[in-house]
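Good morning, and thank you for coming. Please take a moment with the sequence and the model before I begin.

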Amino acid sequence: MPDTPDAAPNPIQAAMAALVSPQVRANPYPLFGQMREGARVAKLTETFALVTGFAEATQLLGSQDFGHPEPEKIVHGDPAQHDDPDHPVDAQGRVVRAFLSLNPPDHTRLRGLVAKAFNRRVVEGLTPRIEELVADSIGQAIEQGEADLMSALAVPLPVAVISEMLGVPLADRERFAAWSTAMARALDPAALLPPEVAEAIAGPAQAARREFIAYFRDLAAERRRNPADDLLSRLVTVSDEDGDRLSEGELLVTLTMLLVAGHETTTNLIGNGVLALLRHPDQYTALARDETLIDGAIEETLRYDPPVQLTQRTVLTDTTLGGVDLPAGASAIVLIGAANRDPQAHPDPDTFDITRTPNRHLAFGHGVHFCLGAPLARLEARIALRELARRAPKLTLAGDPDWARTVTLRGLASLPVTLN
């Protein structure tokens, strides 16, 4: 039922409004706790629900009752006559979307093709190059004595890795990163943002997407003519047992997804991990003394301050979640940051403990949409944090960090540190 003028304010709705406020951005977790205590599945309206409990979030993400709306059909007649290359369509005239926002069997087909090119062997083969990049960045920061760790390491490392994987020339990486930042800001659900903010984000994001697609359309054509030893060449030529391949539109939207997922989330994982360790110096000292703790440090960062804070699903069939009836067509937002700090799933959830075990979390999702790039993100963060602890054991904060102005992705705009 809609609120009437005399109705009491809905505390969950008020909390959602607070979620996007600058005051909450620095530490949203007390607010998340209040929201979770209010209702683990909060039905804000008949068609909108908020999920904050770990068990409920895990059930939703793993259930076929929840997914994504079917792609919109925008071309009627012959799709070959569609003349907007910035908005590719498939053979049925539907908007081409990345597999992350598709349901099986479309999701299964596309993810399977991409996974063939983006497999564990490819990721593990990047280890020497990542170690080289990290060593160079940390070495320069140590020489300077002080640095913004975001601009010195956390931002350029994932940009360099995904750029080299895709075969992007060094001269183009600065605008490559700018495209990623602009498109990442558009991931915030418009319903959570003031209209003027949503409008200000949409324009630059659309322009970045157009430039990105035009750039990679040309680069992909070059790789078809002259394949190289890079991920783009593998994606251009990958096929399954039946000879199925990525169409040009599918390739371009997949590359867009890989850019944002491969850059922004890993940047945030590194920055959030360093900040958590420095705010808990006993944990950083323990890691500096025993680097076998590194995997625990990465997993605890993912649980404690995940780089992706929320994800959205559509209810595909009438269902019940956490005792709450949800009709088909309703939207549900899973607050991953809230679910990961659920005391029913983790004892003492607000304590940062790199020895925590077991440590189940939802930072990379769950179910069929579990993040394909999780091994690469973990690898980059593992090497970056391990080498920092090894080479800069006296690393300390040199000022207050500044948080980026996004909600879906949580990360730092700057992280001033002293390394000596």
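I shall discuss one helix, one pocket and one residue.

This is a predicted model, in which local features need pLDDT of at least 70 and side-chain atom pairs count only at pLDDT 80 or more, while totals for chains, interfaces and linings use all residues. Residues are numbered from 1 along each chain as its sequence is written, and side-chain values use heavy atoms, with hydrogens and water left out.

Helix α5 covers residues 106-117; helices are DSSP runs of H or I with at least four residues, strands runs of E with at least two, numbered from the N terminus. The 12 residues of α5 should span 16 Å at 1.5 Å a residue, and its end C-alpha atoms, 18 Å apart, agree with this. The expected span is 1.5 Å times one less than the number of residues.

Which residues of α5 are buried? They are His107, Leu110, Arg111, Leu113, Val114 and Ala117, where buried means under 20% relative accessible area (1.4 Å probe, protein chains only). Down the axis of α5, these buried residues fall within an arc of 160 degrees, so they line one face of the helix; the arc is taken from the directions from the helix axis to the C-beta atoms. They pack against α6 (120-124), α12 (231-237) and α13 (248-279).

Helix α13 also holds Thr256, which is buried, with a relative accessible area of 11%. Leaving aside neighbours within four places in sequence, Thr256 contacts Met183, Phe212 and Ile213, contact meaning heavy atoms within 4.5 Å.Finally, the pocket: α10 (173-185), α13 and β11 (412-414) each supply at least two residues of the lining of the second largest pocket.

Key. Buried means under 20% relative accessible area, exposed over 50%, partly exposed in between (1.4 Å probe, protein chains only).
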